[in-house]
Amino acid sequence: MPENCIFCQIVAGDIPSKTVYEDDSVFAFLDVNPLAPGHTLVIPKHHYETLADLPEDAATDLFSALHRLTPVVEDAVAADASNVAFNNGEASGQEVPHVHGHIIPRFDDDGGNPIHAIAGRTPDLSDEELDEIAADIRDAR
Ligand code: AMP
Ligand code: ZN
């Protein structure tokens, strides 16, 4: 475990957290700086920096926990919906380099934005460029 990773220290119990879920591979706790009541972070217990670093079994466990916890978190705060998202890498705004999914409860009148609001400059791509990108992704899988 990287000694200076806040989230590893939370998993180890060295830093306190408002824990909401724990199993062999996943840990979840309330965000200390919530964007909404119930804002929850779901993390793998082992240290991986980004989604691409996660081995398949840890990715499966992480998504399964997100899938199970999201409706529970929503119900706990009587939310109307939620955004479930990862800041994945520094350029995306990831500040803690230990992969974590955010469950952010949303309310009909909360004045917030959809996930589309994260983009800065949006690209103007031709149909050919979209085809090329789609093919690059397909061929690399
Ligand atoms: P990100 O920008 O996706 O890396 O988000 C990191 C999140 O971790 C932020 O929403 C912080 O409020 C949250 N955070 C940082 N330190 C702690 C902590 N000790 N306990 C709970 N949440 C934390
Ligand atoms: Zn860590």
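In the predicted model, His100 places a polar side-chain atom 2.7 Å from an oxygen atom of ligand 1. His102 makes a similar approach, with a polar side-chain atom 2.8 Å from a ligand 1 oxygen atom. For Asn87, a polar side-chain atom lies 2.9 Å from an oxygen atom of ligand 1. Taken alone, ligand 1 exposes 510 Å². The protein buries 82% of that area.

The shell around ligand 1 holds 16 residues. Those that come nearest are Asp31, Asn87, Glu95, His100 and His102. Asn87, His100 and His102 thus appear both in this nearest group and among the side chains with a polar atom beside a ligand oxygen, at 2.9 Å for Asn87, 2.7 Å for His100 and 2.8 Å for His102. By class, the shell comprises eight nonpolar, six polar and two charged residues. Helix H1 (6-11) and strand E2 (26-30) each supply at least two shell residues. H1 gives the most, with three residues.

Ligand 1 takes up the space of the largest pocket. This pocket contains about 920 Å³ of space. Its lining is made of 38 residues. Asp31, Leu35, His39, His102 and Ile104 lie nearest the centre of the pocket. Two or more lining residues come from each of H1, E2, strand E4 (81-85) and strand E5 (101-106). E5 provides the largest share of the lining, four residues. The lining divides into 21 nonpolar, twelve polar and five charged residues.

Several residues and elements recur in the two descriptions. Asp31 is one of the residues that come nearest ligand 1, and Asp31 is also one of those nearest the pocket centre. His102 likewise belongs to the group nearest ligand 1 and to the group nearest the pocket centre. H1 and E2 each supply at least two residues of the ligand shell, and both give two or more residues to the pocket lining. The leading contributor is H1 for the shell and E5 for the lining.

The protein chain as a whole has three helices and five strands. Along the sequence, these elements follow the pattern α-β-β-β-α-β-β-α. The C-alpha trace spans about 50 × 40 × 25 Å along its principal axes.

Note on methods
Residues numbered from 1 in each chain as written. Chains lettered and ligands numbered in written order. Predicted model: local features only at pLDDT ≥ 70, side-chain atom pairs only at ≥ 80, totals over all residues. Heavy atoms only, no water. Near = heavy atom within 4 Å. Polar contact = N/O pair within 3.5 Å; in protein donor to acceptor, adjacent residues only side chain to side chain. Areas by Shrake-Rupley, 256 points an atom, 1.4 Å probe, with all protein chains shown as cover. 1 Å grid on protein atoms, 1.4 Å probe; cavity = no way out; pocket = protein on both sides within 12 Å on 5 of 7 lines; lining within 4 Å. Sits in = over half its atoms within 2 Å of the grid points. Nonpolar A, V, L, I, M, F, W, Y, C, P; charged D, E, K, R; others polar. Points joined across faces, edges and corners; volume = space filled by probe spheres on them.
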